Number of protein chains: 2
Amino acid sequence: MTLNYPDGRSFSSNGNTSNTQKRTKKEVRFGDRGMHLEEEINETNIFYREHDQAVIYKKPIPVQIVKVDYPKRSKAVIKEAYFKQASTTDYNGIYRGYYVDFEAKETTLKQSFPLKNFHQHQIDHLKACKKQGGICFVIMKYVTLNRYFLVDADIIFDYWDKKNIDGSKSIKVDQIEKIGIELKSGYRPTLDYLPAVDKLIAAKQGELNEDY
Amino acid sequence: MTLNYPDGRSFSSNGNTSNTQKRTKKEVRFGDRGMHLEEEINETNIFYREHDQAVIYKKPIPVQIVKVDYPKRSKAVIKEAYFKQASTTDYNGIYRGYYVDFEAKETTLKQSFPLKNFHQHQIDHLKACKKQGGICFVIMKYVTLNRYFLVDADIIFDYWDKKNIDGSKSIKVDQIEKIGIELKSGYRPTLDYLPAVDKLIAAKQGELNEDY
């Protein structure tokens with residue numbers, strides 16, 4: 001089945017017909033505004049905060065400031081600064097009493113998600129947060145397919161650690177469909193990912209109950 | 001009782017003699033390194049992370065980047081950027097499964113802590129996080145007295161809201177002694193504040209139990 005977006009880009013079916021049709025309908029109305037995943041998540045987080053659903057922010061880009069000018073009658077201007085390596089993921093906050101921490105990544109590839117999109121410090125940080133009991137995950141966007149998945153960080157760790165052993169360098173789309181929770185882009189909020197987070201919380205509570 | 005620091009600065013007793021003596025002893029060994037509260041907390045957070053006790057970071061300063069140069073054979077230089085107003089507090093993270101969020105403030109005043117040290121967006125953010133079930137507080141340092149207090153955000157809200165009604169502009173030291181949990185500066189970690197956070201968590205759990 002081949003569908004086209006209003007702007008003429010072709011839409012690749014994933015074989016899951018009912019899902020495909022539902023998404024396509026929505027995209028005609030709201031989707032495909034050419035937004036980057038980061039903007040979509042930022043808009044969504046503003047919506048969540050305005051509606052008291054969650055308090056989640058993107059962290060500012062870490063910068064080493066070297067020189068600042070303070071011109072008279074106008075605000076300070078940073079004249080020399082350098083990008084610093086981040087130590088954490090981009091997003092964190094609180095939802096339903098849970099600490100939430102995640103990274104957002106997009107790829108223009110259709111068939112697979114390259115693991116090189118992740119960095120060691122992000123994996124390390126997510127592992128440390130998991131250890132403290134956090135809800136940790138990754139939101140992935142296949143830009144060309146206009147599909148979004150939320151994947152539990154534990155699954156990413158498995159792939160990451162496997163990569164270090166056997167050199168496999170990506171996660172295939174058909175694998176993501178099985179291991180991830182698909183998200184739908186919408187209007188308000190732009191990318192409603194909290195229902196998927198609810199599922200991770202439910203799974204976590206299930207594990208805790210098993211421990212007793 | 002008047003004591004002097006090794007560098008000659010006078011130490012004001014607070015009337016709590018045993019505490020004073022304990023702290024003074026410590027200060028001779030480790031204290032008074034001229035560190036700002038921010039550095040002390042950053043060092044402490046590194047210690048906590050290294051010992052798997054908590055994952056708490058200071059957020060980077062938000063900056064609006066306008067112009068970046070990419071010189072050949074060397075790293076990108078930010079040539080024009082501006083400080084942006086932060087929307088949140090400076091610190092957040094996870095401890096024992098709890099979302100932790102706080103602001104750190106210091107004053108050189110001896111008798112009181114001016115409320116103008118806080119900003120509306122910080123109060124609003126702490127309130128939003130409390131609503132979601134977070135552990136929210138403020139760490140205050142009286143630089144001249146070399147005393148540190150951790151105060152539950154709810155108490156700060158009371159003062160803040162009162163300020164908006166009756167114009168009271170500060171929290172007196174003798175009040176902080178009653179409403180806050182005093183922290184001791186040390187060596188490793190530099191400012192061990194997690195035991196005080198444990199008390200906030202215990203109080204929260206007590207409240208939850210009362211609800212049932």
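**View 1. A salt bridge between B:Glu38 and B:Lys58.** In this predicted model, B:Glu38 and B:Lys58 bring their side chains together in a salt bridge, with an N to O distance of 4.0 Å. B:Glu38 belongs to helix H2 (residues 37–50) of chain B and B:Lys58 to strand E3 (residues 55–58) of chain B, so the pair ties together parts that are 20 residues apart in sequence. B:Glu38 has a relative accessibility of 40% and therefore counts as partly exposed.

**View 2. A salt bridge between two helices of chain B, made by B:Asp161 and B:Lys127**. The side chains of B:Asp161 and B:Lys127 meet at 3.3 Å, N to O, in a salt bridge. Because B:Asp161 lies in helix H4 (residues 153–166) of chain B and B:Lys127 in helix H3 (residues 120–131) of chain B, the contact ties together parts that are 34 residues apart in sequence. B:Asp161 counts as partly exposed at 31% relative accessibility, and B:Lys127, also at 31%, counts as partly exposed.

**View 3. A network of salt bridges in chain B**. B:Arg147, B:Glu177, B:Glu182 and B:Lys184 are joined into one network by salt bridges that share partners. Over all chains, the structure holds 20 salt bridges.

**View 4. A salt bridge between buried residues, A:Glu103 and A:Lys105**. The closest N and O atoms of A:Glu103 and A:Lys105, which form a salt bridge, are 3.7 Å apart. A:Glu103 and A:Lys105 are both buried.

**View 5. The surroundings of B:Lys105 in strand E7 of chain B**. B:Lys105 is part of strand E7, which covers residues 98–107 of chain B, and with a relative accessibility of 11% B:Lys105 counts as buried. A polar atom of the B:Lys105 side chain lies 2.7 Å from the backbone oxygen of B:Asn117.

**View 6. A patch of positive charge on the surface, with lysines from chains A and B**. The residues that gather in this surface patch are A:Lys67, A:Lys79, B:Lys67 and B:Lys79. One of them, B:Lys67, lies in strand E4 (residues 63–69) of chain B. B:Lys67 has a relative accessible area of 43% and is partly exposed; residues must have over 30% relative accessible area and no salt bridge to be counted in such a patch, so the accessible area of B:Lys67 meets the first of these conditions.

Conventions:
Residues numbered from 1 in each chain as written. Chains lettered and ligands numbered in written order. Predicted model: local features only at pLDDT ≥ 70, side-chain atom pairs only at ≥ 80, totals over all residues. Heavy atoms only, no water. Patch = residues over 30% accessible without salt bridge, like charges linked within 9 Å, V, L, I, M, F, W, Y side chains within 5 Å. Areas by Shrake-Rupley, 256 points an atom, 1.4 Å probe, with all protein chains shown as cover. Lys, Arg positive; Asp, Glu negative; His and termini not counted. Charge placed at Lys NZ, Arg CZ, Asp CG, Glu CD. Helix = DSSP H or I, 4+ residues; strand = E, 2+ residues; numbered from the N terminus. Buried < 20%, exposed > 50% of the residue type's maximum accessible area, 1.4 Å probe, protein only. Polar contact = N/O pair within 3.5 Å; in protein donor to acceptor, adjacent residues only side chain to side chain.
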